[in-house]
Every structure is written in C-alpha cells, then in structure tokens.
Amino acid sequence: MSRWDFVGRTDELNRLLSAVGVADGRGLLFSGSAGVGKSRLLREGVAALPTDRYAIWSVAASATTAALPFGGLVQVLPAAQPQGLSPAGVLRWAVDVLQEQAAGRPIVLAIDDAHLLDPPSAALVHLIARSENATVLGTLRNGEQIPLPIRALWTDDLVDLVELGPLGPSETTGLLAAILGGPVDAGSSERLFRLSAGNPLLLRELVLAASGGDELSRRYGIWKWTGRLELAPSLTDLIDTRIGQLTPGVRAVVELVAFGEPLGLQLLEQAVDPADVEIAEERGLISMVHDDRRLNVRLAHPLYGEVMRRHCPVSRTRRLQATLAGLLERVGKRRRDDLLRVAVWRLDSGTAQDPALLLDAAAQAFGRYDVPLATRLARAALDSEGGSDAAELLATILMFGDRPEEAIVVLDQVAGAIQDDRRRGRWLTARGMVSYWGLSRESTVEEIAARGAELTDAADQARVRAFEAIMRLHRLDVETAVRLAQTVLDRPAAPMAARELARCTLAHLQAAQGQYRRSATAIARVEAEAACWRGDMPYLQLAMELARGTRLALSGDLAGIDAIVADEFADLAGAGDFRLGTGYLAILQAYAARLRGRGDEALKTSLGACAVLATSRVYAGLAHAERAQAAALRGDAGHAAEAMAEADRTHAPGMAVLYPWLEQARGAVHAVAGDLPAAVKHLCALADRLREDGLAGHELLVLLDLVRFDQAAAAVGPTCTDGGRRTVAQRLAELSEQVDGVLPPLVARYARATLDGGPDELLAVADGFAARELIVYAAEATAMALHRMGRSRSGATGPARERLADLLRRCDEVSTPALRLLRPTLTEREWEIGRLAADGSTSRAIAERLFLSTRTVENHLQRIYSKLGVAGRAELRAALRSMPGHDGGDAA
Ligand SMILES: Nc1ncnc2c1ncn2[C@@H]1O[C@H](COP(=O)(O)OP(=O)(O)OP(=O)(O)O)[C@@H](O)[C@H]1O
Ligand SMILES: [Mg+2]
C-alpha cells in the first residue's frame, strides 16, 4: 500500500517547527493513544526541517531495542564504542560524538515511542536535552511506563508535553480521501468516523478490511461504503484479524521481525523465502529502513508487534528467539551490540549454554550500568558452568545492586571449586569487598590479610594487599594502610588495577591531610589509566570519586564539585542503579549548595542522597550528616538533631575514615540548638583529635567553624613548652603553611581579623570568600564586620550593609550564629513601622495607616535607628534587608 498524504494537524506541526526554530526553545513530546497519529506527525515535522541548518537524528525505540542497553540509540551512536569508559563516560562520549558530527549546527533528536527507550538511552536523551544547542522531539504512547529520565524531561522543563487527540470529522473525511485517493460520500465518512472515533490507524484498518471484502465501491468518482459493520471493533482485534489471515511463510517473516527488529534484510532472507518478505512489505506489515548503510527491516506499526508477540505461544517464542540467535551467530557478530543481542535471545529462549558468551555479555551490560540485565546474564553464566569467573562478576553486580547477602552466597558456593591461585586471589578480593562494605563485617580485613599471605604469586598477593590497604584506611588504621598501599605501588608485578586502587587509597588520605596537590596528581593518573583498570575492577571508580570528592570539598573547590556533578551525577542517576556513585555525588552536590547558602537546595539534595543510599551503609552516615548540616544552616534545630541521630545510627564502623564529617556536623547541630558552649567544646576536642590523626585538611575546616563562632581565641592543641596552649588563630597560621591551596591563608587571616583586625580587614576576608563562592562564610565575615562597626559607630556601615544584603540575596533560608549576631530584637510593631518607612512611607502616612500619632511613629523610628545602628531613613532599607530572615519587604 502506498503512503498517502498527510492530513490536518496544522497547529501541532507548527508547534513542532517552532520548538526547533526558536532560540532557547524547549523540545516537544506528543503523547496520545495507540494509532492516533503520533509517529506520523513526528515524521512529517522532522521531514519539514531544513537538513542543512540542523543536524537531525531520528530514532524509533521498540520493545526489542528496549531489551538492550543503548538499543534505542543504536542507530545514532557509532558502532565502535570506545572501551574502558565508565557509564557516565560512555554518555559523555556519545554526546561529544553527536556534537562533533553536528559540526556547530543545532541538534535535533527525534525519538518515536520514547517510552520504550532502554535506561542508558533514556539517560543519554536527557543529557542531550540539557545541551544548549539541542532540541529533543518525540512521542509517547498513553498508558505506558515511562523511563524516569524521559519523565524528567518535562518535570525539568526541558520539553513541553502535548496531548495529541483524535482527528475531527472533517479531518477524518480528508484522511479517507487521502487513503482512497478520491472523495468519500458524506454518509460513509460519517459512519467511518464514528466507528474509528477519529483514530487514523483504525480508520486505515477499517478501509483495508472493507476494500478486501468489496464493500467499498466508487461511483462517479466518489467512494461509498456499503459495509454493514455496525459494532465498533477494537484496534487490536482488527489488526489481529488481518494478521491472522497470513500465509505461514508471511507470518514467519512478521514474527521474526516482531522479535528481532531492527533486523538486517540479508539476515532475514537467510531464514525465510524472500518472496514472503516482499508480500509482507506490500501488505504494509513491515517496512525497510536504511540504518547506517545497511537495510533493516522493521514492523510497519508497533501495534503489529504487540499483537504478534502477545499471540505467540511460549514455545514458539523461544524457538523464534533461538532462530534469531543462530542467524546472527552464523553471519558473525559485527556490531558490539550483536553480542548482547545474541546473549539475550539465547537467554530468553532457554538455549544459553556458552558461559563465555554470557559472561562477556554480562560484563558489557554491567559496563553500561544495566544492572538488572547484567544480573540476569551473569547468573545464567554461573548456571551454565561459568565457574568462579561468573561467580565473581555476579557477586560484584549484586553488591552494587545492594544485595550483598546474595552476593556472599554466590561466592561461597564456588569456593570449593577454585583450583588456581589467580582465581583464588580474585575470589578473595570480591568476597572481601562484599563482606566489608556490603555487610559491614570488620573482621574481613584480618581474614583477607591472612589468606592473601598464603598466595604464592606476587601479582595475586598485590591484588589482595591493595584491598586490605583501602579497608584499613577506611577503618582508620592509617599507618598499615599507607605501608600496604606503598608495597603494592613498589611491586612491579602488581596488576594495574591493584596499583591504581592503592593510588586511590593514598590519594584519599592525602586529601584528608590537606595535601591537595599530590592527591590531585595521583587521581589524574588513575583517571588516565581508566581504560586499563575498568574492565578488571569497574568499582574502582568509587574509590577514585571518594578521593577526588574529599579533596574538592576540603579545599572549598565548589566549581570543581560542580564540574564532576555535571559530568557524572545526572547521567549515572539516569542510567539507573549505580547507587553508591549517585549517592556520593549527591552528598557533594548538597555540600556545595550549602556553602553557597542555598539551604533549600542543600536540604533537598541531601534528602535525595539519604534516600538513594538507604539500602547501603557505606555512605549512609555521611549523607545524614550532610542533611544535618543543611538543616542547621536553615536554622531548623529539630530536623538537624533528627538527622544527626540517623547519621549515628547508620554510620558503619568500617567507614570510620568519614568521622570528621560526622563530628563536624555534630558541632553545627549543637549550635543550631542554641548551645554554643557545647558546640565550641565539641569542635575544640574534634580539632585536637584531627591534629593527632594528622588529618590537617579536616582540622582546618573545624577551626574555621570555631572562627565562625567568634572563637579564634579559644585554646586548642597540646600544652607547649612555654606552658600555654595555642589559640585557634595561631594553629590556623601554622596550618596555612601545611595545607595546600588558597583557602588556608584566607581562613588564618579571618581568624586574625576577628581578634585584632578592623572591620575593613574582615570585609577583605569576606571578599576572598565571595570570590570562591563561599557565600555563607562571606556573609558571616561581613556580618562580623558590621557588628564591629556597630560598636564603634563608624560611618561605613551603609556600604557594608549593602554588601551583606547582596550576599544574602544570593542565599535562601540561612540562619547561622554569626548571622544571628546581627539580628537586633525589634518588636512586632517596630518591624511594621520600620518596613513601611523603608518602603518610602512618610511618618504621617504610617501614622494614618496604623491609627497612631505622628509623634509615636517618630519615637518608634528613633528607637529602630539606634537598635540597628543607622543614621536615618536612607540607610534603613539596606539595614533591614541585611538581616537574615527579613528582606524588609514582605512580612517576615
Ligand atoms: N494526519 C495524518 N495524515 C495521514 N495519515 C495519518 C495521519 N495520522 C496518522 N496517519 C496514519 O495512521 C496510521 C497510524 O498513525 P501512527 O503510526 O502515527 O500512530 P501512533 O500514534 O504513532 O500509534 P502508536 O501509539 O501505535 O505508535 C499510520 O499509517 C499513519 O500514517
Ligand atoms: Mg507510533
């Protein structure tokens, strides 16, 4: 059947074109019921775009592509995907490739049936939608489950969602004329409209059925339907009837395509009679599409596939899948995806016997972070005698799917069968990882140390040592950790992954010690070697991220945090189940938001981190501690205390290395509860402990907290030879020589300024913080300056107030002890009068409005001026605005 003209839908078409044409415009998704015309509309819209102006990619997701990671975008991505990238890396690579091919032209990505995208493809689409020069268009069928990243397209305002309704009566008449190639009489058209309810697909099927049964006739050029079909058939029944009339040969064609699309034509013709392929195409059941220089066969409409698959008995389904796998194996797997396709067909058809194939496919699926598929494949590999290699992979995948108990069972089942030392070493480390981090069993460290020593080969030993080293660091056995990591690095025989793991361990410690330069160099090296370790030890990524995140957070490098969050976070989150990675990055993101004074965002993001990490104990304590900090920043004592209790409850002893973060949060929780003495005492003791542990990076931040509480003169550290102890300010001066970066000297200067510097010095420090986007610290230093000025009644308060107001405008909810210092106690009435005066009302106007005498208003104003330390009305507005929690405008 030849394609007929497109009818109606002018508004929708215009909307689509302007979504692409308008600069900064949003994308567009059409949703609607089956057969209503979404795909056709999208196709027509995309065809109308000038190809020289835009780089356009059109893809159609389907039930079969949904089973494969990146199956949905396989037509867009180059066949050769670089090896050794993290899942986020793959996504970034994909975006880069598209940008490169677009060569500066705006990108248009059109996805038909976007609800059928596999998780990594959906994540990639989301990422592309976020790029500045890209527009995402697509269709969604109503009532289907929609992948989260796609749903997020409109909740994040990246696209508009438009419901596509049925055709109206006149459009239906037009469509009938288009299908039949001539006008239709009014009565027929009206009946067909009623029967089809304006659904184009149904209309088309009705017409087809009618023309097959001679119920359509043409007189004097006008079509007339004599059909007696009175009951409205359902779409699927109709399609079913039509497909049901196929010859066995044609049915075989449609079935193979239904389970295997997109299927190479050459491949298909090896299994069926080419004549039947032609018939299926002529009858409009399948269609040919050019993909990347090969001719692929697809179903002409997704509903055909659904009907076909639903009616196919299980035994036949399995036979078809086995046939497809066999076909692809015979011609040789050409694309990287072919391996996965064959493996999935083998698995689904119950004919998976080749453990090597399954293992390869499982590793590939895990590498693309399709955790559910990877789990299925790895389990099948194990079941078909995949041995300890399969067990190791399955256990690792289970561990990262937060199922450590199952992982241990899997490993223990193969324990007896391991023959050689290399496998024993790998088994030992996989089991150690699951047991230590997954199940919080601390005795694991001694176990793997003892059993590792029994291995004879130096390379195998090094692998176990590297794991022991990072476990030791995590439980704060720092000396042994360093010694072990160093031996691994010194041993030429050590496998690459073991060396890089040891390097991460040292880099994490260096960050905590404030040696940011060395730490950064080490991590850059680990990253550069990613291709060499990723296949062997994909989870090394986590160790790397923790080391890098610790450095960025401690050095106050918010831009650095932004960069890695933008890089990895959303992608990983979208791609699915890599919860430890997602959760940790969310903690960092919350941290950056908090230091910027974005209290709401910090709280929301840290809550998200807590949720993602709820089923694992590795970072749960850290997430709740960050939530406590966010709540404290917003002045919410109750929430902060609750979060802190949760942090204590969930914090795993095996992650003792994170204690500084938890304890620092505890200080903030004391302070927000109004118990400043307890906060100070706690932080002083913490600073001493950190000093003893040599964790200078953390110590600096704790001392900074003390300065923020105006405690630069507090005594810390051991008693010196002169019999006295050092002050916070003195210790900070020492640390500014030891800890890398620009933050330490700034913090030391801050401490000095609070002790003996004038307000100007404090303002200069505030500028230093503001330049690094450390807005809360900047606002607090400014507030302290104002506080000092208030005492000295200097005339410079006006500009300083303006600056504070500016800083606070960049924050939302913040309420910290230093900022509260500034909040004088105004009565309700004083607030009311102050705000009106600041808005420009005269005393008379205020008096009239509040039913007071002008004199009373004047008296109130004088009191307000003196409480706020301002000279008069002119400064009032800035003064009120610079008070946290009161913007001087709306009611507080
Ligand atoms: N405006 C139109 N003009 C001409 N033909 C149309 C129009 N809308 C739909 N059709 C035809 O109707 C049939 C069904 O439309 P289409 O495949 O676009 O539906 P759909 O909404 O994408 O369905 P599904 O949810 O099953 O994917 C197709 O053959 C299509 O060419
Ligand atoms: Mg469609």
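**Close-up 1. Helices α19 and α20 meet through residues from both partners.** On the α19 side you'll find Pro404, Ala407, Ile408, Leu411, Asp412 and Val414, and they meet Trp427, Ala430, Arg431, Val434, Ser435 and Gly438 of α20. Keep in mind that this is a predicted model. Helix α19 covers residues 404–414 and helix α20 covers residues 421–438. Their axes come within 10 Å and cross at roughly 155°. Angles over 145 degrees count as roughly antiparallel, so that is the label for α19 and α20. As for handedness, the α19 and α20 crossing is left-handed.

**Close-up 2. Five strands line up in an open sheet.** Read across it and the order goes β2-β3-β4-β1-β5, with parallel pairing. Which strands stand at the edges? They are β2 and β5: each has a single partner strand, so one side of each has no neighbour in the sheet. On average, neighbouring strands here are turned by 10° against each other, direction ignored. Strand β1 (residues 27–32) runs parallel to β4, and 5 bridges join them. One of the matched pairs here is Gly32 with its bridge partner Arg141 in β4. Helix α4 packs on the sheet, where it touches β3 and β4, and its direction makes about 140° with that of β4.

**Close-up 3. Strand β3 is mostly covered.** This strand takes in residues 107–112, and 6 of its 6 residues are buried. Look at where the residues point: Ile107, Leu109 and Ile111 go one way, while Val108, Ala110 and Asp112 go the other. Now for the partners of β3. Strand β2 (residues 55–60) runs parallel to β3 and is joined to it by 6 bridges, with Ile56 having Val108 as its bridge partner. Strand β4 (residues 134–141) also pairs with β3 in the parallel sense, over 5 bridges. There, Ala110 stands opposite Leu137 of β4. Add helix α4 (residues 119–130) and you get a right-handed β-α-β unit made of β3, α4 and β4.

**Close-up 4. Gly165 sits in a loop.** The loop in question lies between β5 (159–163) and α6 (169–180). Is Gly165 buried, partly exposed or exposed? With a relative accessible area of 24%, Gly165 is partly exposed. Leaving aside residues up to four places away in sequence, Gly165 touches Arg9 and Val36. Gly165 and Arg9 are 156 residues apart in sequence, yet 9.9 Å apart in space, counted from C-alpha to C-alpha.

Terms used:
Residues numbered from 1 in each chain as written. Chains lettered and ligands numbered in written order. Predicted model: local features only at pLDDT ≥ 70, side-chain atom pairs only at ≥ 80, totals over all residues. Heavy atoms only, no water. Buried < 20%, exposed > 50% of the residue type's maximum accessible area, 1.4 Å probe, protein only. Helix = DSSP H or I, 4+ residues; strand = E, 2+ residues; numbered from the N terminus. Pairing = 2+ DSSP bridges. Right-handed = clockwise from strand over helix to strand, strands pointing away. Contact = heavy atoms within 4.5 Å. Axes fitted to C-alpha atoms, helices over the stretch in contact; angles between N-to-C directions. Parallel < 35°, antiparallel > 145°, perpendicular 65-115°, else oblique. Left-handed = near helix turned anticlockwise from the far one by under 90°.
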